[in-house]
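This report describes how helices and strands are arranged in the structure shown here.

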Amino acid sequence: MTESWLGRILELEVGPVAHGGHCVSRVDGRVLFVRHALPGERVRAEVTEDKGGSFCRADAIEVLSGSEHRVTPPCPLAAPGGCGGCDWQHAEPAYQRELKAAVVAEQLQRLAGITRDVVVEPLEGGPLGWRSRVRLVAGRDGRAGLRAHHSHRVIPIDDCPIAVPGSLGTALSKRWRPGTELEVASDGENHLHLRELATVRGRTQGKQLSGGMAIQHAAGRDWRLDAHGFWQVHPRAADTLAELVREWADAPRGGVAWDLYAGVGLFASVLADQVGPDGQVLAIESGRRAVSDGERNLADLPQVSWRSGRVEHLIEDAPAPVDVVVLDPPRKGAGRAVVNAIAAGEPDRIVYVACDPAALARDVQFFSEHGYSLTDLRAFDAFPMTHHVECVALLQ
């Protein structure tokens, strides 16, 4: 058995960026995924995880030769041993987007065989103060904080620079039962919502401490919905994505469209406007509260019909043929079964909204087996300072 490298200090030449908020280095035939480093740097790194396989994880604890794109993180907790919420605070914002673009391009090439230049576009508002929903946890001292990277250890905080300014004040000013989880949300009217989470008999239950019904504005509509349900975290993301879906879906008047993983119906509202009162939009969503919110918010659009349940269970009975499909699956992607069912509906266009480039690339490859090609792609920095990136792909 190979001797564990855990705790070992290594001097490394840092290689290219990899999916997940780290860079790749190699030592003695093993791959190291190094956080807090940038491509081309020389660092001293401490191994933080070694499970005995072909790779291990490390943190750059000293920069011996730094990148020209390195900056001082705006948060002192964005450092080795600190908060795990941000991955790239030590990089210039424009360079962060270059790193994310490189990851998207690499995933498309490796998993789908597609060579494509990618540009990650910024959203309005800058790299700080954008995060409208934050989950906190109380440490042993009762103070609310955030977890360390790949750890249950709680890092107490006084504030968070990527959170909407002032949104965490109530949660951070109190003492809580150790282990208590808290969800803080800020909506489109700058109203704050606070919920306490508890696990009872293996099930998570929420207790609303303030607020609960959020008001959001996107796609030319006002939305009233569960403050802690699904909605884009960046204040500009929902409108940006809705407008791109409007442009690329281009559903025909009187046509049929599917909105899969529909949430509260943001994209269904766009599709309904395009197909008109004589068309049909099927919205499928597994969250019952989201379906209830969607039905209420889109009550003026009778051409939208809702089905509550898992997409993979309901899609085979969806009305076909279909003109356009929009899907916004969870991080794991849609998967082969859903892709097969979409292709069976023979849509002319598929608009795929993705929060994980690896899952997107895998599904693009599945679609290619049915004759669909990736004809356009845009990527947005909807999660600045983190490794996450939002992509929208057009398949025809």
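**Strand pairing in the sheet**

Strands β19 (residues 324-327) and β20 (residues 349-354) run parallel and are joined by 4 bridges, and Val 324 has Arg 349 as its bridge partner in β20. Strands here are DSSP runs of E of at least two residues and helices are runs of H or I of at least four residues, numbered from the N terminus, while two strands pair if DSSP finds at least two bridges between them.

The model is predicted, with local features requiring pLDDT of at least 70 and side-chain atom pairs counting only at pLDDT 80 or more, whereas totals for chains, interfaces and linings use all residues. Residues are numbered from 1 along each chain as its sequence is written, and side-chain values use heavy atoms, leaving out hydrogens and water.

**The open sheet**

An open sheet of 8 strands, with mixed pairing, follows the order β7-β21-β22-β20-β19-β16-β17-β18. Its edge strands, each pairing on one side only, are β7 (120-122) and β18 (304-308), and the twist from one strand to the next averages 15°.

**Helices across the sheet**

Helix α4 lies across β16 (256-260), β17 (280-285), β18, β19 and β20, and runs at about 170° to β17; angles run from 0 to 180 degrees between N-to-C directions, with axes fitted to C-alpha atoms, for helices over the stretch in contact, and contact means heavy atoms within 4.5 Å. Helix α8 (residues 357-368) lies across β20, β21 (374-381) and β22 (390-395), at about 160° to β20.

**Packing of α3 and α4**

The axes of α3 (residues 237-249) and α4 (residues 266-275) come within 10 Å and cross at roughly 35°. Residues making this contact include Leu 241 and Val 245 of α3 and Phe 267 and Val 270 of α4.
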